[in-house]
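Hello,

Here is the structure I promised to pass on to you. Have a look at it first, and then read on for what I found in it.

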Amino acid sequence: MAASRITKRFAERFPSALTKARLVGREAEYPVVWKDGNAADARLLIKALDNAYEGFETIDEELPSFFQGTQSHRTGLRSQDKKLEVYLEVGWGTLEVITGPYGELWELKNAHDTAMERIVKTADSLGMKILGTGMQPRTPPSLNLMTPRPRYLTMREAVGPEVWDIWAITASDQIHIDVTLDEVPSVTNLVNILHPVVIALCGNSSIYSGEISEFNCARQALMEPLGTRHGMPAVPIATMEDHIQSVMDNQLYWLRDEKGNLNVYGDRTFSSFCNDTYGTDPTQACSEKEYEDFLLHDHYCFHSARPRSKQRTVECRAACQQPWNEHMAAATLHLGMSMQS
């Protein structure tokens with residue numbers, strides 16, 4: 001079946017053994033607010049950082065505008081050594097700070113501390129504040145708060161605004177852990193099964209839309225309509241092919257066609273689409289387009305632990321952003337869990 005040939009492509013990115021220290025990287029998302037607690041435009045902060053500090057490569061995107069077709073937006077900055085990236089998230093009131101990879105947690109912490117010192121200083125100069133919490137506390141989720149990337153608007157059409165708009169206000173704290181091919185199932189399974197423990201210890205999103213919710217971690221609870229596509233998967237995996245098949249068995253939301261157009265699909269799984277489009281012969285080679293389609297589908301499956309072939313890691317993503325005095329807690333917890341597998 002199609003899962004077999006896709007697995008070959010996906011698995012070949014992971015090494016059979018680590019030849020150096022295990023690397024870790026971090027993707028930390030932070031709500032950016034004005035002093036009254038409402039969402040601030042992180043694009044202004046990115047521009048100010050670019051003006052204040054030298055040595056960044058800029059990331060610009062052409063984004064649709066309701067009034068002027070498309071406009072160029074500076075949506076990110078990247079250091080020359082590629083170990084720091086500051087990027088606009090799903091919501092324009094959220095900033096993602098990507099650091100690493102490094103061979104030691106203390107190196108990752110130092111890099112993150114240095115980056116955040118610059119970000120906080122620049123935000124202060126604009127009258128903005130950076131929050132260590134898992135959601136925007138006052139501004140409610142809406143289309144108006146969403147960064148107008150076409151893929152986000154297509155996802156909103158596919159799953160509905162009541163589900164997707166929540167992503168415009170959430171802020172998680174993710175760690176990528178360097179793994180071998182043989183380690184992928186055990187690390188993925190253990191971190192996923194301990195999802196409730198991470199929520200209990202690192203849930204930090206009880207206030208949103210200006211009100212106290214019933215959840216310690218509203219960020220996770222509000223994703224319930226996504227079912228087993230989000231949080232803890234329905235079953236563990238024994239092999240990499242198990243993982244690929246479980247991802248393929250999820251509903252297909254949307255894909256790009258050969259011309260780059262974004263097409264929303266109906267009530268069918270990616271597995272069904274793949275078999276119909278690319279055939280069921282497991283011995284044939286996985287084409288570039290088939291693999292590209294899978295990676296796009298896989299990107300929108302949000303399990304608490306998920307193998308990432310591009311980075312050759314397992315990404316752990318259950319934790320909310322944490323208060324600054326313990327901002328490495330979630331990364332340290334996830335790394336410790338993974339090493340017990």
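Let me begin with the overall form. A compact globule of 341 residues would have a radius of gyration near 20 Å, and the protein has 20 Å, so the two agree. Please keep in mind throughout that this is a predicted model. Along the principal axes, the C-alpha atoms fill a box of roughly 60 × 50 × 45 Å. The protein has 12 helices and 15 strands. Of the contacts between residues at least 6 apart in sequence, 72% join residues that are at least 24 apart.

Next, the inside and the outside. Buried residues account for 54% of the 341 residues. The protein exposes about 15,200 Å², and carbon and sulfur atoms supply 52% of that area.

Which residues have the most contacts inside the largest nonpolar core? They are I6, L95, W164, M248 and F270, in a core of 82 residues. Helix α3 (residues 105-125) gives this core its largest share, 6 residues. Another core lies apart from it, with 9 residues, among them I199, A319, C320 and M337.

F270 is a good place to zoom in. Leaving out residues up to four places away in sequence, F270 touches I6, M248, N250, L252, L255, E290, D293, F294 and H297. Two of the residues in that list, I6 and M248, are also among those with the most contacts inside the largest core.

F270 belongs to helix α10 (residues 270-278), where F270, S271, F273, C274, N275 and Y278 are buried. In general, an α-helix has 3.6 residues a turn, so residues three or four places apart point the same way. What covers the buried residues of α10? The cover includes α1 (2-11), α9 (240-248), β11 (254-256) and α11 (288-299). After α10 comes G279, with a positive phi near 95°.

The aromatic residues are worth a look too. The structure holds 12 aromatic pairs. One of them is Y265 with F273: the ring centres are 5.3 Å apart and the planes stand at 70°, so this pair is edge-to-face. Are the two partners buried or exposed? F273 is buried, with a relative accessible area of 7%, whereas Y265 counts as partly exposed at 27% relative accessibility. Ring pairs also link F10, F14, Y265, F270, F273, Y278 and F294 into a cluster. In addition, R9 lies over the face of Y291, at 4.4 Å from the ring centre.

A few backbone details may catch your eye as you trace the chain:

- G100 and P101 are joined by a cis peptide bond, with omega about 10°. P101 lies in strand β5 (residues 94-102).
- K82 is not a glycine, yet its phi is positive, about 65°. You will find K82 in the loop between β3 (69-79) and β4 (84-88).
- S209, also a residue other than glycine, has a positive phi near 55°. S209 sits in the loop between β8 (207-208) and β9 (211-212), and at 29% relative accessibility it counts as partly exposed.

Finally, here are two places where residues far apart in sequence come together in space.

The first involves R43, in helix α2 (residues 42-52). Is this arginine buried or exposed? R43 is buried, because its relative accessible area of 15% is under the 20% limit. Setting aside neighbours within four places in sequence, R43 is in contact with H73, R74, L88 and W92. R43 and T147 are 104 residues apart in sequence, while their C-alpha atoms are 9.8 Å apart in space.

The second involves K310, in the loop between β14 (305-308) and β15 (313-316). K310 counts as exposed, at 68% relative accessibility. K310 and R13 are separated by 297 residues in sequence, and their C-alpha atoms are 7.2 Å apart.

If you want a starting point, I would suggest F270 in the largest core and then the ring cluster that F270 is part of.

Best wishes, and enjoy exploring it.

Note on methods
Residues are numbered from 1 along each chain as its sequence is written. This is a predicted model: local features need pLDDT of at least 70, side-chain atom pairs count only at pLDDT 80 or more; totals for chains, interfaces and linings use all residues. Side-chain values use heavy atoms; hydrogens and water are left out. A nonpolar core is a set of buried Ala, Val, Leu, Ile, Met, Phe, Trp, Tyr and Cys residues joined through side-chain atoms within 4.5 Å. Buried means under 20% relative accessible area, exposed over 50%, partly exposed in between (1.4 Å probe, protein chains only). Helices (H or I, at least four residues) and strands (E, at least two) are DSSP runs, numbered from the N terminus. Contact means heavy atoms within 4.5 Å. Rings of Phe, Tyr and Trp (its six-membered ring) pair if their centres lie within 6.5 Å; planes under 30 degrees apart count as stacked, over 60 as edge-to-face and the rest as tilted. A charge sits over a ring if NZ of Lys or CZ of Arg is within 6 Å of the ring centre and within 35 degrees of the ring normal. The radius of gyration is taken over C-alpha atoms; the globule rule is 2.2 Å times the number of residues to the power 0.38. Accessible areas come from the Shrake-Rupley method with a 1.4 Å probe; for residues, only the protein chains shown count as cover.
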